[in-house]
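Dear colleague,

I am handing over the structure below, and after it you will find an account of what came out of going through it. Please read the account with the coordinates open beside you.

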Amino acid sequence: MHKKTAFSFPDEVLEHVFSFIQSDKDRNSVSMVCKSWYEIERWCRRKVFVGNCYAVSPRMVIKRFPEIRSIELKGKPHFADFNLVPDGWGGYVFPWIVEMAGAVPWLEEIKLKRMVVTDESLELIAKSFKNFKALVLSSCEGFSTDGLAAIAASCKNLKELDLRDCDVDDLSGHLLSHFPDTYTSLVSLNISCLGSDEVSFSTLERLVCRCTNLRTLRLNRAVPLDKIANILRRAPQLVDFGTGTYAADLRPDSYSDLAGAFSSCKELRSLSGFWDVVPDYLPAIYPVCSKLTSLNLSYATIQSPELIKLVSHCPNLQRLLVLDYIEDSGLEVLASSCKNLQELRVFPSDPFGVEPNVSLTEQGLVAVSSGCPKLQSVLYFCRRMSNEALVTVAKNCPNFTRFRLCIIEPRTADYQTLEPLDVGFGAIVQYCKDLQRLSLSGLLTDRVFEYIGTYAKKLEMLSVAFAGDSDLGLHHVLSGCESLRKLEIRDCPFGDKALLANAAKLETMRSLWMSSCAVSFRACKLLGQKMPRLNVEVIDERGPPDSRPESCPVDKLYIYRTVAGSRFDMPPFVWTMEDDPSLQLS
Amino acid sequence: MGPIIITFSTIFSKLPSLIPSFCPLVYGGLVLLGGGNGDASSGVSTDESAVLPKVEVVSEACSSYPAESELELGLGLSLGGGGGATGKTKAANSSWGECGRILTAKDFPSVVSQRTNNGGPSSVAVSGTKRAAESVSHESCSPTGASQVVGWPPIRAYRMNSLVNQAKAQRGDEGDNGIVEKDKPKDALKKRLNCNGKQTTVNEKGHLGFVKVNIDGIPIGRKVDLNAHSSYESMAQALEDMFLRSPNSVENEPLTMASKLLDGSSEFVLTYEDKEGDWMLVGDVPWRMFVSSVRRLRIMRTSEANGLAPINESNERQRSKPI
């Protein structure tokens with residue numbers, strides 16, 4: 001192989017050194033140092049992350065990294081979460097499983113986000129990977145409990161089965177009974193999204209009993225409160241617990257039973273679930289509150305007074321997800337009680353109501369920003385905002401890495417001055433120099449994009465809706481945001497000019513989504529022709545874009561860089577703009 | 001020539017009514033595009049002075065125009081053309097690069113003249129651009145309530161389902177006194193939940209009209225937006241279109257659904273699961289009642305649809321085996 005001089009290390013040494021380098025970015029850098037490092041690195045890379053499953057083919061990945069043990073894939077664009085990507089668009093995992101089943105039999109871990117997973121795929125996983133350990137499906141769909149049963153039955157070394165917000169066809173309640181009696185290696189189980197009304201509690205209890213390494217258990221809504229105590233007693237080592245329905249007829253013995261069960265869990269740090277909460281039962285969790293770092297109450301329809309009481313018991317809280325029932329008053333208490341808070345998400349309880357149903361305004365956000373110095377990540381739904389509040393928040397929290405504000409009514413102006421919120425968001429990007437993710441809302445002109453292009457140099461993901469005046473806005477973002485990887489835009493008056501002028505930028509990004517904007521079909525074709533390393537997908541359910549004039553705007557546009565060329569699994573309402581202008585549209 | 005751009009600017013000039021302090025200056029620039037060849041110069045000079053103050057602010061922040069590959073891609077409105085485009089682009093290039101100045105008709109002399117020559121395309125283009133501009137103006141002129149816009153507010157479908165289910169559970173039990181097949185304590189509990197805290201008044205019609213549809217023979221389901229339909233016929237038509245015209249990209253079984261799903265003359269029949277978990281033939285109940293109680297749809301082969309109440313016997317509910 002290579003001549004070893006006194007100045008080069010043997011491959012094994014380099015490999016050993018590389019094994020301490022885990023991050024993809026660093027691994028990628030290592031691989032670019034020289035050819036021999038590229039070779040050594042590719043043979044010892046164990047984890048691969050593919051941010052867009054269509055950016056590369058499975059064969060290419062496996063050819064370069066033949067010894068991977070873990071793969072993470074993302075499929076549909078983020079706006080698919082909000083039903084903006086028509087059903088059937090794509091993101092099928094099956095071709096990946098097929099390739100890996102043959103070439104990477106030692107695969108241990110598969111993590112998927114926004115992909116279509118079929119029972120056939122799951123069955124193939126169960127059959128092909130003898131040492132399979134972890135399956136994490138996040139916002140996936142297309143499979144049923146039958147496929148999961150195959151995994152449970154066959155994967156003797158399974159440690160993790162995590163279904164987050166998946167759309168699962170729940171055919172029976174007996175998934176858990178497919179774990180063999182000899183199976184004990186479960187560490188993490190999340191079935192919170194399963195809808196079945198029947199769960200065999202005895203099966204669940206026996207499973208929990210024999211899996212002594214269980215750390216994470218998130219149950220689904222079907223599990224009633226009176227069953228929780230038994231489960232908790234059998235798993236006092238739990239670190240992360242998600243309840244089912246948190247409602248039961250109030251009986252003194254069942255309450256004390258529950259409270260006792262919770263207090264036996266000394267390691268509990270994270271709680272979630274809490275559907276249908278009966279407030280009287282909430283104090284049962286007080287024994288564990290002082291050590292809680294993460295609390296997800298975003299399905300709990302309890303009011304501000306109860307929330308305040310609860311939150312005051314949790315001084316070590318780092319992460320809180322809650323409905324806007326908490327109100328400004330509750331957020332003020334949060335600000336004074338939880339000094340370690342790093343992440344806050346406030347969801348709307350009545351997103352379509354015309355009038356506000358709760359008193360949650362910009363004041364709550366200001367209070368938290370002022371009281372919680374470690375706050376880094378915010379997702380906040382509210383109905384009014386002011387530039388003044390945003391500037392205050394920005395100055396209070398220069399450490400923000402994620403800031404997503406959703407003012408529910410599109411194009412809402414500053415409620416005090418009636419001006420656009422350009423200055424407020426401008427302050428956010430100016431003061432928060434490490435901002436990686438930003439979502440805008442409210443009334444915004446091209447000016448906010450000027451600020452973003454000027455200041456948001458570390459911004460990686462930007463979500464824009466109902467904002468801007470002209471192509472200049474888009475141009476500011478594409479030309480100014482050096483770290484931009486993902487840009488998603490809906491209902492903005494951005495057309496061809498900025499897009500075409502910044503075509504090269506698109507190759508430095510993972511993807512661009514534009515829907516209900518003003519990009520013409522002609523521009524899409526031009527981009528597709530001139531930029532062979534981009535897939536320019538026109539998504540239009542009205543029919544073929546060439547049945548309309550070229551200057552007609554397309555409905556939806558999804559552009560992503562790829563080394564795999566056009567994909568072959570497109571539905572009839574998706575057209576990829578071809579490299580060769582003489583090719584007909586398929 | 002003019003027609004496209006005049007329309008563009010006419011539409012845009014409606015916008016000031018919503019955002020008074022900003023439009024005139026910004027759109028002053030765009031209106032310039034509307035001038036014809038001859039008028040451009042005079043038009044430019046007058047309005048440009050109005051535009052400048054705003055543009056100067058912009059220019060400080062404007063980064064340099066990326067020079068290399070974008071040269072081929074014009075900034076102009078006419079992009080199909082070859083040589084003409086390049087010449088025009090260079091002019092456009094420098095204007096972007098200087099100070100992000102809003103482009104004027106001076107930058108696109110060839111474009112404008114091309115437009116003049118083709119009467120056909122330009123008139124066609126008018127309608128196209130107008131549609132684009134109209135869609136923009138429509139958004140801004142009619143204050144769109146959040147409930148009328150797809151995918152807004154941006155709440156994950158999973159969370160929406162949960163909200164809707166909680167709301168339905170609370171509302172549904174208020175009316176369901178007759179059906180006593182579930183545990184009584186659970187019903188009583190749900191009634192109590194109505195008293196605890198405010199009800200989540202998720203608009204029934206508001207957003208969550210998407211229900212899953214599966215058809216026998218194809219493992220991957222689709223979703224249909226019930227809010228987009230106001231009758232059984234319309235929905236059935238959409239379903240037929242969805243499954244008829246798209247050979248599913250993963251599954252290659254051709255489907256022959258020659259006639260409508262509703263009248264029983266097809267080899268397929270349309271069924272749905274209601275909120276109680278019963279499978280019913282679609283068409284039994286009034287449309288609105290159907291929309292509020294449907295959980296998901298299944299297009300079943302007629303041969304398997306035994307035991308489901310036929311369309312005529314609307315009062316009988318028979319249990320049928322779930323999938």
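**Salt bridges**

A network of salt bridges links A:Asp81, A:Arg114, A:Asp165 and B:Arg156. Please keep in mind throughout that this is a predicted model. Within that network, B:Arg156 and A:Asp165 meet through their side chains, with 2.2 Å from N to O. This pair crosses between chains, running from the loop between helix H6 (119–141) and helix H7 (157–175) of chain B, where B:Arg156 lies, to the loop between strand S6 (160–164) and strand S7 (167–169) of chain A, which holds A:Asp165. Both partners are partly exposed, B:Arg156 at 31% relative accessibility and A:Asp165 with a relative accessible area of 23%.

Over all chains, the count comes to 34 salt bridges. As general background, side chains of opposite charge can pair when their charged atoms come close. Two further pairs, both in chain A, seem worth describing here.

In one of them the side chains of A:Arg27 and A:Glu41 meet, at 3.0 Å from N to O. A:Arg27 belongs to helix H2 (residues 24–31) of chain A and A:Glu41 to helix H3 (residues 35–44) of chain A, so this salt bridge ties together parts that are 14 residues apart in sequence. Both residues are buried, A:Arg27 with a relative accessible area of 7% and A:Glu41 with one of 0%.

In the other, A:Lys133 forms a salt bridge with A:Glu108, and the closest N and O atoms are 3.7 Å apart. Here the link is between distant parts of the chain, 25 residues apart, with A:Lys133 in the loop between helix H6 (119–128) and strand S4 (134–138) of chain A and A:Glu108 in the loop between helix H5 (94–103) and strand S3 (109–113) of chain A. A:Lys133 counts as partly exposed, at 24% relative accessibility.

**The annotated region of chain A**

An unreviewed UniProt entry carries the annotation "domain: F-box" for residues 9–50 of chain A. Over those residues the chain is 62% helix and 10% strand, and the C-alpha atoms at the two ends are 31 Å apart.

**Two helices of chain A and a strand beside one of them**

In helix H9 (residues 225–234) of chain A, the buried residues are A:Leu225, A:Ile228, A:Ala229, A:Ile231 and A:Leu232. Their cover includes helix H8 (201–210), strand S9 (216–218), strand S10 (240–242) and helix H10 (252–263) of chain A. When looking at such a list it helps to recall that an α-helix has 3.6 residues a turn, so residues three or four places apart point the same way.

Helix H14 (residues 362–371) of chain A is mostly covered, with 8 of its 10 residues buried. Those buried residues, which include A:Leu365, A:Val366 and A:Val368 as well as A:Glu362, pack against helix H13 (327–337), S14, strand S15 (377–382), helix H15 (387–396) and strand S16 (402–407) of chain A. At the start of H14(A), the backbone nitrogen of A:Gln363 has a side-chain oxygen of A:Thr361 within 3.1 Å.

Strand S14 (residues 343–347) of chain A contains A:Glu343, which counts as buried at 14% relative accessibility. The side chain of A:Glu343 makes a polar contact of 2.7 Å with the side chain of A:Arg345. Neighbours within four places in sequence aside, A:Glu343 is in contact with A:Gln318, A:Arg319, A:Leu320, A:Leu375 and A:Ser377.

**Cysteines**

The search of the whole structure finds 0 disulfides over all chains. A:Cys382 is in none, and the nearest cysteine sulfur, that of A:Cys406, lies 7.9 Å away. For A:Cys524, the closest cysteine sulfur is in A:Cys517 at 11 Å, which is too far for a bond. Both A:Cys382, with a relative accessible area of 2%, and A:Cys524, at 1% relative accessibility, are buried.

**Chain B as a whole**

Chain B has 10 helices and 5 strands, and buried residues account for 46% of its 323 residues. Of the contacts in chain B between residues at least 6 apart in sequence, 59% join residues at least 24 apart. The chain exposes about 15,700 Å², of which carbon and sulfur atoms supply 55%.

With best regards

Conventions
Residues are numbered from 1 along each chain as its sequence is written. Chains are lettered from A and ligands numbered from 1 in the order in which they are written. This is a predicted model: local features need pLDDT of at least 70, side-chain atom pairs count only at pLDDT 80 or more; totals for chains, interfaces and linings use all residues. Side-chain values use heavy atoms; hydrogens and water are left out. Buried means under 20% relative accessible area, exposed over 50%, partly exposed in between (1.4 Å probe, protein chains only). Helices (H or I, at least four residues) and strands (E, at least two) are DSSP runs, numbered from the N terminus. Contact means heavy atoms within 4.5 Å. Accessible areas come from the Shrake-Rupley method with a 1.4 Å probe; for residues, only the protein chains shown count as cover. A salt bridge is a side-chain nitrogen of Lys or Arg within 4 Å of a carboxyl oxygen of Asp or Glu. A polar contact is a pair of N or O atoms within 3.5 Å; within protein, one must be able to donate a hydrogen and the other to accept it, and residues adjacent in sequence count only if both atoms are side-chain atoms. A disulfide is a pair of cysteine sulfur atoms within 2.5 Å. UniProt positions are given in the numbering used here, feature names are shortened, and annotations may be inferred rather than shown by experiment.
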